[in-house]
Amino acid sequence: MNIPEMDQAVYERAIKENKETCVIVFTKESCNVCKKLEPVVDRVAEEYKAEGKPVTFYHMDVLQPDARKIFKSWDLVGVPQSVFIREGEFVDALPGALNGAVLKKEIDSLMNPKQSFLERIKGIFS
């Protein structure tokens, strides 16, 4: 992945101290579904960066001890998992190889929490 790797120190700084709004993508190197998700996340991250949107993307390999500890703290099961954090607080996690539209809708809802569920999913299934 082309997004930054997160470890315990980065987690403490970004989530606990800076209260970032971010997406943390948990994967495992041997996971084929994870490999399908990686280019989607890289592309979406580049789009949001180019647009100057205030969301940061991180990657964690669940085989690393720091990642495993954080992964388990949210009671997550299976990879890939895309975790959505708003202002340092866990909001949601979506499993699987998400497509770009679903990923963007979830990220947009992070930045606009007053958006209704129907507004969030509008257009995903069409």
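Modeller: Accessible areas here come from the Shrake-Rupley method with a 1.4 Å probe. Keep in mind, too, that this is a predicted model.

Colleague: Happy to start there. What share of the exposed area do carbon and sulfur atoms supply?

Modeller: The protein exposes about 7100 Å² in total. Of that area, the part supplied by carbon and sulfur atoms is 51%.

Colleague: Thanks! In what pattern do the helices and strands follow along the sequence?

Modeller: There are 5 helices and 4 strands to place. Read along the sequence, they give α-β-α-β-α-β-β-α-α.

Colleague: And what percentage of the contacts between residues at least 6 apart in sequence join residues at least 24 apart?

Modeller: Let me begin with burial: of the 126 residues, 42% count as buried. As for those contacts, the share joining residues at least 24 apart is 66%.

Colleague: Let's look at helix H3. Why are its buried residues on the same side, and what arc do they cover?

Modeller: Helix H3 spans residues 65–73, and its buried residues are Ala67, Ile70 and Phe71. In an α-helix, residues three or four places apart point the same way, because there are 3.6 residues a turn. The buried residues of H3 lie on the same side because the arc they cover around the axis is only 100°.

Colleague: Which residues are exposed on the other side of H3?

Modeller: Exposed means over 50% relative accessible area. On the side of H3 away from the buried residues, those that count as exposed are Pro65, Lys69 and Lys72.

Colleague: Good. What do the buried residues of H3 pack against?

Modeller: One partner is a helix, H1 (8–17). The others are strands: E1 (22–27), E2 (56–61) and E3 (81–86).

Colleague: Which residue just after H3 takes a positive phi?

Modeller: The phi in question is about 55°. The residue just after H3 that takes it is Asp75.

Colleague: On to the aromatics. Is the pair of Tyr48 and Phe57 stacked or edge-to-face?

Modeller: The structure holds 5 aromatic pairs. In the pair of Tyr48 and Phe57, the ring centres are 6.3 Å apart. Planes over 60 degrees apart count as edge-to-face. The planes of Tyr48 and Phe57 are at 65°, so this pair is edge-to-face.

Colleague: Are Tyr48 and Phe57 buried or exposed?

Modeller: The cut-off for buried is under 20% relative accessible area. Tyr48 is at 2% and Phe57 is at 4%, so Tyr48 and Phe57 both count as buried.

Colleague: One last thing: which residue has its charged end over the ring of Tyr48?

Modeller: The charged end sits 4.8 Å from the centre of the Tyr48 ring. The residue it belongs to is Lys53.

Terms used: Residues are numbered from 1 along each chain as its sequence is written. This is a predicted model: local features need pLDDT of at least 70, side-chain atom pairs count only at pLDDT 80 or more; totals for chains, interfaces and linings use all residues. Side-chain values use heavy atoms; hydrogens and water are left out. Helices (H or I, at least four residues) and strands (E, at least two) are DSSP runs, numbered from the N terminus. Buried means under 20% relative accessible area, exposed over 50%, partly exposed in between (1.4 Å probe, protein chains only). Contact means heavy atoms within 4.5 Å. The arc is that of the directions from the helix axis to the C-beta atoms. Rings of Phe, Tyr and Trp (its six-membered ring) pair if their centres lie within 6.5 Å; planes under 30 degrees apart count as stacked, over 60 as edge-to-face and the rest as tilted. A charge sits over a ring if NZ of Lys or CZ of Arg is within 6 Å of the ring centre and within 35 degrees of the ring normal.
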